[in-house]
Amino acid sequence: MNIDGKPYRTILPAADGASVEVIDQTRLPFAFELKRLATLDEAAVAIRTMIVRGAPLIGVTAAYGLALGLRRDASDAGIDHAVETLAATRPTAINLRWALDRVAAKLREVALPERAAFAFAEAGRIAEEDVESCHAIGRHGAAILADLHKAKGRRLDVLTHCNAGWLATVDWGTALAPIYVAHEAGIPVHVYVDETRPRNQGAALTAFELNAHGVPHTVIADNAGGHLMQHGEIDVCIVGSDRTTASGDVCNKIGTYLKALAASDNRVPFYAALPFSTIDWTLDDGVAQIPIEERDGREVSHLTGRLADGGFATIEVVSPGSPVANPAFDVTPARLVTGIITERGVASANAEGLLSLYPERRPAA
Ligand code: MRU
């Protein structure tokens with residue numbers, strides 16, 4: 001997508017296979033800086049500290065990280081070490097594990113001297129597929145927006161949570177892809193952007209990318225969504241997902257569940273947009289089975305931002321000494337999800353709906 005009219009992707013492989021460049025998302029929205037990752041440990045740190053974040057993007061970064069690790073040690077033990085190191089960085093997004101398993105499974109058949117180059121190329125294929133999937137999600141989701149626009153005959157107001165835009169993927173995004181496609185097709189779309197405490201991915205990242213691409217939007221405090229829905233100011237909610245069960249439960253950034261409850265109470269359609277790599281076919285009860293990442297309490301007790309003089313500062317906002325908790329994701333049960341927008345089309349949020357789009361996952365009779 002565009003920044004100042006120039007198209008960008010979030011991760012750029014070096015031609016010699018020795019490194020990748022990523023956008024440092026901890027510096028946005030105030031500074032646009034690229035960071036080079038040349039080792040397994042640098043890739044792991046980038047994922048853990050959220051220099052890169054968003055389920056599809058951490059999957060792609062992990063795949064490249066594995067390739068970088070193999071440049072040092074391409075043995076079977078080297079593969080195992082790289083996979084374990086990268087898989088341990090963030091536990092909730094299944095795309096991370098999916099990408100590592102995909103590359104590692106193919107690697108065992110490859111001769112040792114070829115392994116790093118093979119893994120780097122396979123990571124590139126995952127990245128390209130992610131772009132295609134997200135663009136297709138955009139087209140399927142935009143059809144929903146086009147129908148809604150036809151029915152309403154006025155500007156469409158979409159609420160989104162966290163950042164599930166192109167910064168969270170390689171390009172296009174998941175929840176924001178339908179918005180970009182609709183915007184480019186001339187459908188008047190306006191986005192209400194949840195700030196998304198504690199890390200403010202909405203205020204910092206979603207607002208940044210919508211701004212850079214020229215999509216009308218308004219940032220709101222996380223607690224404002226229910227009120228806006230009660231007053232008919234939201235036509236549809238679209239969110240991303242870090243892991244979706246085979247039964248259609250949607251795990252996404254903390255606070256998503258509360259928006260789904262408010263949407264249900266106000267009969268606002270609530271969609272999750274996600275590629276196949278986000279579906280965990282082994283699980284059928286998201287609340288009970290999906291591991292929820294617990295992050296550092298400092299993300300709750302402190303805020304980082306820009307000062308009037310242009311400098312940056314981290315300030316304390318919680319009463320000193322009070323304990324804090326920081327669960328990073330929650331699960332929206334399938335019953336609250338109107339539909340799941342995937343690269344293959346829109347499914348009902350239940351096992352049959354997903355299987356109708358992915359028949360190859362149907363257990364053999
Ligand atoms: O903690 P983050 O910023 O990695 O969380 C990101 C989200 O929750 C996104 O909504 C999700 O990964 C979908 S991204 C297309």
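**A ligand enclosed between two domains**

In this predicted model, 19 residues surround the ligand, and the closest of them are Ala-55, Arg-90, Gln-201, Asn-252 and Lys-253. When the residues of this shell are sorted by the character of their side chains, seven turn out to be nonpolar, eight polar and four charged.

It helps to ask next where the ligand is placed with respect to the two domains. Domain 1, which covers residues 2-129, and domain 2, which covers residues 140-361, both give residues to the shell, and therefore the ligand lies between them.

Some individual contacts can now be picked out. The side chain of Arg-53 has an N or O atom that is 2.9 Å from an oxygen atom of the ligand. Gln-201, already named as one of the closest residues, places a polar side-chain atom 2.9 Å from an oxygen atom of the ligand. For Asp-242, too, a polar side-chain atom lies 2.9 Å from an oxygen atom of the ligand. How much of the ligand's surface does the protein bury? Taken alone, the ligand exposes 410 Å², and the protein buries 99% of that area.

The ligand sits in the largest cavity. Two elements give two or more residues to the shell around the ligand, namely the helix α2, residues 55-72, and the strand β11, residues 250-253.

Turning from the ligand to the backbone, the reader can look for a few features in the loops. The peptide bond that runs from Leu-28 to Pro-29 is cis, with omega near 10 degrees, and Pro-29 is found in the loop between β4 (20-23) and β5 (34-37). Another cis peptide bond leads from Arg-197 to Pro-198, where omega is near 10 degrees; Pro-198 has its place in the loop that joins β7 (189-194) and α7 (201-213).

A further backbone feature belongs to Met-50, whose phi is near 65 degrees, a positive value in a residue other than glycine. Met-50 lies in the loop between α1 (40-48) and α2, and α2 is one of the elements that give two or more residues to the shell around the ligand.

Terms used: Residues numbered from 1 in each chain as written. Predicted model: local features only at pLDDT ≥ 70, side-chain atom pairs only at ≥ 80, totals over all residues. Heavy atoms only, no water. Near = heavy atom within 4 Å. Polar contact = N/O pair within 3.5 Å; in protein donor to acceptor, adjacent residues only side chain to side chain. Areas by Shrake-Rupley, 256 points an atom, 1.4 Å probe, with all protein chains shown as cover. 1 Å grid on protein atoms, 1.4 Å probe; cavity = no way out; pocket = protein on both sides within 12 Å on 5 of 7 lines; lining within 4 Å. Sits in = over half its atoms within 2 Å of the grid points. Helix = DSSP H or I, 4+ residues; strand = E, 2+ residues; numbered from the N terminus. Nonpolar A, V, L, I, M, F, W, Y, C, P; charged D, E, K, R; others polar. Domains from an automatic or database assignment.
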